[in-house]
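Thanks for coming, everyone. Please pull up the structure, and I will walk you through it.

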Amino acid sequence: MDLRTPVDDRTGHRTVPETTRRTERRLPGTRYGNRPTMKDVAARAGVGLKTVSRVVNGEPGVTPETERRVQEAIDALGFRRNDSARVLRKGSTASIGLVLEDLADPFYGPLSRAVEEVARAHGALLINGSSAEDPDREQELVLALCARRVDGLVVIPAGDDHRYLEPELKAGVATVFVDRPAGHIDADVVVSDNFGGARDGVGHLIAHGHRRIGFIGDMPRIHTAAERLRGYRTAMEDAGIPVEGSWMSLGVTDPERVRRAARDMLAGPEPVTAIFTGNNRVTVTVIRVLAEHARPVALVGFDDIELADLLRPGVTVVAQDAAALGRTAAERLFRQLDGTLLAPERIELPTRLITRGSGELPPAH
């Protein structure tokens, strides 16, 4: 054992005598795991700390020659401003958090990009994470972002009870929910017209002669899934068409579950002649099932999907504008941060029926 580094009997950790610590020297640029500081920049440029601070923060009072020397030192050392002290002074981070359902879902790509563009225009950084449709994970992510003192949150909720956010809202954390409303709290929300879009999509199939129309959707506890089911039921009721229980299937969007539901609807002496799918993931699986089916079956999907126009027939969809959802939510958030908003509001964006061929197929008798 090295007697110069004795072991503490209580902790088992090696300790360094005070006399040894005093004699250690660290040379600028040779420290492992430590970032260059303003002090390092000042030493290299031969100026005071205040001068470096002025250059870093874009403040006046520095001659062009001095600014050039400081900037050269910054570049040489790879210095980056540490905002921790600014956070402590101002109580904010110039950042916002975005909590999505699933980062891998193509629907959230344009939504996330739109939020990021608005944040960037306001000089803020976007930090995002995925709840994986787990309410506990959502709460964990949201509170972790609040602990990091983000200025605001854009949340696609996985749960239906958001009272855990009340202390954060009272503390001034601006929050906007998007795609689905918050549960048990008053908060801004930006959603698509899920009910109206589904009603129009099913009505389109009815207008093309279909009476036996199946609906395959997401889990019924999810707001969007419930609203789209309601739109389906309303369209059928308005047309005077009784709905059989076997025509409806809600649950996880796992391909095997969806595949089984579609095949069940297409089997038997009186199969459905058309299917309305509740989201993009369900649509993709149903397309694969229909490709194996002997008779043509009409299809309308909620959410557009990539390459939908290249399939034969093209896929008719009820499209929602994901980018507009993200942009509207983010703009609403920054209006909260600017203090220009008062009472929470619900903003509903319209959907659009895009006809490409699959929803216009006549019933196969």
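Strand S1 runs parallel to strand S2, residues 125-130, and six bridges join the two. Strands here are DSSP runs of E with at least two residues, helices are runs of H or I with at least four, and both are numbered from the N terminus. Two strands count as paired if DSSP finds at least two bridges between them. One position to look at is Val99, which stands opposite Gly129 in S2.

A word on the source. This is a predicted model, where local features need pLDDT of at least 70 and side-chain atom pairs count only at pLDDT 80 or more, while totals for chains, interfaces and linings use all residues. Residues are numbered from 1 along each chain as its sequence is written, and side-chain values use heavy atoms, with hydrogens and water left out.

Back to S1. Is this strand enclosed or open? Six of its six residues are buried, so S1 is largely enclosed by the rest of the structure. Buried means under 20% relative accessible area, exposed means over 50%, and partly exposed is in between, using a 1.4 Å probe and protein chains only. In a regular strand, side chains alternate between the two faces of the sheet. In S1, Ser95, Gly97 and Val99 point one way. Ile96, Leu98 and Leu100 point the other way.

Now the whole protein. It has 13 helices and 12 strands. Of its 365 residues, 44% are buried. The exposed surface is about 19,800 Å², and carbon and sulfur atoms supply 50% of that. Those areas come from the Shrake-Rupley method with a 1.4 Å probe. Then contacts, meaning heavy atoms within 4.5 Å. Among contacts between residues at least 6 apart in sequence, 64% join residues at least 24 apart.

Next, salt bridges. How many does the structure hold? There are 19 salt bridges. The term means a side-chain nitrogen of Lys or Arg within 4 Å of a carboxyl oxygen of Asp or Glu.

Take Glu101 and Arg180, whose side chains meet at 3.0 Å, N to O. This pair links distant parts of the chain, 79 residues apart. Glu101 sits in the loop between S1 and helix H6, and Arg180 in the loop between strands S4 and S5. Both Glu101 and Arg180 are buried.

Compare Asp161 and Arg163, which meet at 2.6 Å. Asp161 is partly exposed, at 31% relative accessible area. Arg163 is partly exposed too, at 45%.

A third pair is Arg332 and Glu345, at 3.7 Å. Arg332 lies in helix H13 and Glu345 in the loop between H13 and strand S11, so the pair ties together parts that are 13 residues apart in sequence. Arg332 is buried, with a relative accessible area of 6%. Glu345 is partly exposed, at 42%.

Salt bridges that share partners also build one network: Glu101, Asp105, Glu133, Asp179, Arg180, Asp218 and Arg281.

Last stop, helix H12, residues 280-291. Its 12 residues reach 17 Å from first C-alpha to last, close to the 16 Å expected at 1.5 Å a residue. That expected span is 1.5 Å times one less than the number of residues. At the N-terminal end, Asn279 caps H12, with a side-chain oxygen 3.2 Å from the backbone nitrogen of Arg281. Which residues of H12 are buried? They are Asn280, Val282, Thr283, Thr285, Val286, Val289 and Leu290. Their cover includes strands S6, S8 and S9, and helix H11.

Methods
A polar contact is a pair of N or O atoms within 3.5 Å; within protein, one must be able to donate a hydrogen and the other to accept it, and residues adjacent in sequence count only if both atoms are side-chain atoms.
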